Number of protein chains: 2
Amino acid sequence: MTTGNEAEVDLLGALAYGQLTGFLRLAHDATAAPTLPEMAGLGALAVDEFERYRLLRDRIVELGADPEAVMAPFVPAVDSYHERTAPADWLEGLVKAYVGEGIATDFYREIAVFVPEATRELVLRVLVDTGNADFVVGAVRQAITDDPRVGGRLALWARRLVGEALSQAQRVAADRDALTQLLLSGSGSAPGADLVEFGRMFNRITEEHVRRMARLGLTA
Amino acid sequence: MTTGNEAEVDLLGALAYGQLTGFLRLAHDATAAPTLPEMAGLGALAVDEFERYRLLRDRIVELGADPEAVMAPFVPAVDSYHERTAPADWLEGLVKAYVGEGIATDFYREIAVFVPEATRELVLRVLVDTGNADFVVGAVRQAITDDPRVGGRLALWARRLVGEALSQAQRVAADRDALTQLLLSGSGSAPGADLVEFGRMFNRITEEHVRRMARLGLTA
């Protein structure tokens, strides 16, 4: 296996495990819903993640790799993120589904640029916005209207989500040479990012995060 | 709303809530999986339930009813069933997914005979076996081969599942006149069951349950 292919499979493994466990976590958080339609709303987001997992797993198999082996290295970081960001209530669950999943999705979309075309296209297609998260915006804004103090609490919560996501991403970067190499030197079919491009990528992800927070009525 | 239509909507409401909450419970039980492929295996069963919920909810809306209002009367019985049958480990979760869902599915299929054709067809189509539960058979049989004592414990567990399912079904029957009336006198488009037919229905469900237990290598 070349380093390029190793990084490609690494990306698919991280993403696949993220979606599989995201599915389970969102389904868990859905049980805190105050109404059945809201329970089904977060449930639909969970199911989106499982469908993505299926497509990613199929691609891993297509590349001749074993999905379980490919996902295994990312279990500790992804699980740590979720353990450290277990929502205390329904609203925290909604913000996590919208802000946490949003920033992770943007990050994976950026990385996808560096992998070979077939996988890049799959990742971009898999991560397309289904619109199923849109109900979160109305629900969070309504909660802030009902009690403005909620806005401050949820803004702090979102900051914690971002902090935990970043520290787990760093942990993965330190562990997975192939993935880090991919970002810095490319896969052969696409050039890697230099530090300037790396900075720009980070800015794009941050800007999108700020926009997402604004949509929820939260200060980033 | 006629009594026939009320019973039709009742059936859809009970089934829709059963699938929505079944989705959440199976996703929860999947977290106990010993391996990622098994986690994904139970996850696929959970997702099947959510897809069924979606189709049933759409049909409820089509009939001019409010899904939340229609599901609400069945929340206590369905939730009680799940609270009283929370699996203690992965194997109990597998048996619940196979035996508990299996018997509920057979029961709903039998009731569907008495509702108008469009809904009957939807219910039968929704409840078709996706084959996603087949992996449970191999996993349970393997566990019994590894440690034969497991077979006795799981057989007792399955008996408890059936007992709890029956007592919650009785609770629903006592509460929901329209549904009980439907079974006994029919909906107008189909005749109801007399006591003889009722006994036969019960026998068919029991026989199928015994076959399901045998497939798992368990004594019913």
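1. Helix α8 of chain B, residues 149-175, contains the following buried residues: V150(B), G151(B), L154(B), A155(B), W157(B), A158(B), L161(B), V162(B), E164(B), Q168(B) and V172(B). The model discussed here is a predicted one. Helix α8(B) has 27 residues and reaches 40 Å from its first C-alpha to its last, close to the 39 Å expected at 1.5 Å a residue. An α-helix has 3.6 residues a turn, so residues three or four places apart point the same way. The buried set of α8(B) includes V150(B), L154(B), W157(B), L161(B) and E164(B).

2. The packing of α8(B) against α5(B) may be taken next. The two axes come within 10 Å and cross at roughly 40°. That angle makes α5(B) oblique to α8(B), because it falls outside the range under 35 degrees that counts as roughly parallel. The crossing of α5(B) and α8(B) is right-handed. On the α5(B) side, the contact is made by L91(B), E92(B), V95(B), K96(B), V99(B), G100(B) and I103(B). On the α8(B) side, V150(B), R153(B), L154(B), W157(B), A158(B), L161(B) and V162(B) take part. By class, this contact has ten nonpolar, one polar and three charged residues. Several α8(B) participants, among them V150(B), L154(B), W157(B) and A158(B), are also listed as buried.

3. Helix α7 of chain B covers residues 134-146. Its 13 residues should span 18 Å at 1.5 Å a residue, and the end C-alpha atoms are 19 Å apart, which agrees. Within α7(B), the buried residues are V136(B), V137(B), A139(B), V140(B), A143(B) and I144(B). These buried residues pack against α2, α5, α8 and α10 of chain B. Helices α5(B) and α8(B), described above as a crossing pair, are thus both partners of the buried residues of α7(B).

4. In chain A, helix α2 (residues 36-62) and helix α6 (residues 117-126) pack at an angle of about 170°, with their axes 10 Å apart. The two helices are therefore roughly antiparallel to each other, the cut-off for that description being an angle over 145 degrees. Helix α2(A) contributes R52(A), L55(A), L56(A) and R59(A) to the contact, while α6(A) contributes A118(A), T119(A), L122(A) and V126(A). The residues of this contact divide into five nonpolar, one polar and two charged.

5. Helix α2(A) also packs with α5(A), residues 90-112, at an angle of about 30° and with the axes 12 Å apart. These two helices are therefore roughly parallel to each other, and α2(A) passes α5(A) in a left-handed crossing. The contact is made by E38(A), L42(A), L45(A) and E49(A) of α2(A), together with W90(A), L94(A), A97(A) and E101(A) of α5(A). Its residues divide into five nonpolar, no polar and three charged.

6. Which residues does E8(A) contact beyond its neighbours within four places in sequence? They are R59(A), L63(A), V115(A), P116(A) and T119(A). E8(A) itself is found in helix α1 of chain A, residues 3-30. At 5% relative accessibility, E8(A) counts as buried, because the cut-off for that class is under 20%. Two of its partners, R59(A) and T119(A), also belong to the contact of α2(A) with α6(A).

7. V9(A) is likewise found in helix α1 of chain A and is buried, with a relative accessible area of 5%. Leaving aside neighbours within four places in sequence, V9(A) is in contact with L63(A), A65(A) and V70(A). L63(A) is also among the contacts of E8(A). The C-alpha atoms of V9(A) and G64(A), 55 residues apart along the chain, are separated by 9.7 Å.

8. Is D10(A), in helix α1 of chain A, buried or exposed? D10(A) counts as buried, at 4% relative accessibility. Not counting residues up to four places away in sequence, D10(A) touches F74(A), R176(A), A178(A) and L179(A).

9. E207(A) lies in helix α10 of chain A, residues 195-216. With a relative accessible area of 46%, E207(A) is partly exposed, whereas E8(A) counts as buried. The C-alpha atoms of E207(A) and A46(A), 161 residues apart along the chain, are separated by 25 Å.

How values were computed
Residues numbered from 1 in each chain as written. Chains lettered and ligands numbered in written order. Predicted model: local features only at pLDDT ≥ 70, side-chain atom pairs only at ≥ 80, totals over all residues. Heavy atoms only, no water. Helix = DSSP H or I, 4+ residues; strand = E, 2+ residues; numbered from the N terminus. Buried < 20%, exposed > 50% of the residue type's maximum accessible area, 1.4 Å probe, protein only. Contact = heavy atoms within 4.5 Å. Axes fitted to C-alpha atoms, helices over the stretch in contact; angles between N-to-C directions. Parallel < 35°, antiparallel > 145°, perpendicular 65-115°, else oblique. Nonpolar A, V, L, I, M, F, W, Y, C, P; charged D, E, K, R; others polar. Left-handed = near helix turned anticlockwise from the far one by under 90°. Expected span 1.5 Å × (residues − 1).
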